[in-house]
Amino acid sequence: MTKDALTLYGVALSSRLLAGTAQYPSPAILADAVRASGSEVATVSLRRESGAARAGETFWALIRGLGVKVLPNTAGCRTVKEAVTTAQMAREIFGTPWIKLEVIGEDDTLQPDVFGLVEAASILTRDGFQVFPYTTEDLVVAEKLLGAGCEVLMPWGAPIGSGRGLNNPYALRALRAHFPEIPLIIDAGLGAPSHAAAAMEMGYDAVLLNTAIARAGDPVGMARAFSLAVEAGRLAFLSDPMQPRDMAAPSTPVMGRAFTGVARA
Amino acid sequence: MLIHVNGKALEVSSATLAALLQELDFEENSVATALNQTFVRKTERAETGLKEGDAVEILSPRQGG
């Protein structure tokens with residue numbers, strides 16, 4: 001384990017990239033991409049099974065073979081009841097108290113229903129879950145989620161699957177500054193490795209992404225690119241980046257410059 | 001008895017959730033179950049009775065973001 005470990009609910013991780021497992025061209029490419037990303041955490045879901053098909057068993061065997069921790073989600077849930085029931089079902093089948101809590105409030109943006117999110121988070125933490133809430137950049141909602149027992153927050157960068165990057169950097173900076181000790185993970189909306197690097201440079205603890213890797217022409221190459229970007233961004237943050245300024249400042253020494261003190265022809 | 005299983009209307013003969021999984025050829029350890037939107041633990045399926053109009057969800061692991 002490196003010195004700069006990320007600790008989520010007491011679990012120390014070397015990688016600061018959490019990988020989704022959906023939308024890959026094939027199970028083999030999914031496995032190769034997760035390995036190339038260096039991720040130690042993969043998100044998974046629960047869906048309706050048909051008796052004869054048993055697709056779930058095959059997928060679950062593939063994920064177990066990767067040796068990563070799983071973070072089940074409640075994707076698609078639109079009510080507190082749906083999300084809580086899905087979380088309880090996920091805990092039994094995946095054998096983990098971790099849950100990526102999504103309560104979706106709006107179809108076009110897949111924006112979290114933050115009222116339902118706080119209520120569901122409160123119910124689940126009382127029931128022993130370790131909740132990773134998919135939320136917005138709203139400070140007050142963040143406070144309420146922490147009050148509900150969440151120890152990690154996952155604000156969106158942009159709407160799920162949009163690939164737009166960090167839509168509201170001002171508010172994300174404010175959130176980071178307001179909760180310096182809370183693990184904050186940018187979840188959703190990242191499209192390019194530069195977006196991930198920007199989030200990490202801002203001081204976010206990790207990023208969670210799926211579509212940007214899975215939908216790339218070469219998902220394995222893109223997984224590696226994101227891994228490098230996350231590492232670069234983290235190292236940059238720890239190295240205290242310079243502050244931008246409005247006016248130029250020469251980088252080459254001014255002292256000793258030739259042709260000074262001589263009248264120009 | 002007509003119930004809904006994963007959103008589809010089905011005529012079934014099972015009296016309990018455990019029996020339903022067998023009737024529909026599910027592997028009991030590979031799925032999680034809910035009855036009328038309430039989670040039913042694996043250990044509770046045998047004593048969970050079914051009645052006309054019930055809605056059963058039978059879920060298993062899938063890809064997720």
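## Reading the interface of chain B and chain A

Me: How many salt bridges does the rule find across the interface of chain B and chain A?

Reply: In this predicted model, the rule finds four salt bridges across the interface of chain B and chain A. One salt bridge joins the side chains of Arg62(B) and Glu49(A), with 3.2 Å from N to O.

Me: Beyond the salt bridges, how many residue pairs are in polar contact across this interface, and which elements of chain B give two or more residues to the side that touches chain A?

Reply: There are 20 residue pairs in polar contact between chain B and chain A, counting pairs with both residues at pLDDT 80 or more. On the side of chain B that touches chain A, the elements giving two or more residues are β3 (32–35), β4 (38–40) and β5 (55–63), and β5(B) gives the most, with seven residues. Sorted by class, that side of chain B has nine nonpolar, 11 polar and seven charged residues.

Me: Which strand of chain A pairs with β5(B), and in what sense?

Reply: Strand β4 (residues 41–48) of chain A pairs with β5(B) in the antiparallel sense, over five bridges; within β5(B), Leu59(B) is the bridge partner of Arg48(A).

Me: How much area do chain B and chain A bury between them?

Reply: The size of an interface is often given as the accessible area lost when the parts come together. Here chain B and chain A bury about 2,500 Å² between them, with 56% of it on carbon and sulfur atoms. In chain B, the residues that lose the most area to chain A are Pro61(B), Arg62(B) and Gly65(B), which together make up 28% of what that side buries. The contact itself takes 27 residues from chain B and 32 residues from chain A.

Notes
Residues numbered from 1 in each chain as written. Chains lettered and ligands numbered in written order. Predicted model: local features only at pLDDT ≥ 70, side-chain atom pairs only at ≥ 80, totals over all residues. Heavy atoms only, no water. Contact = heavy atoms within 4.5 Å. Buried area = accessible area lost by both parts, 1.4 Å probe. Polar contact = N/O pair within 3.5 Å; in protein donor to acceptor, adjacent residues only side chain to side chain. Helix = DSSP H or I, 4+ residues; strand = E, 2+ residues; numbered from the N terminus. Nonpolar A, V, L, I, M, F, W, Y, C, P; charged D, E, K, R; others polar. Pairing = 2+ DSSP bridges.
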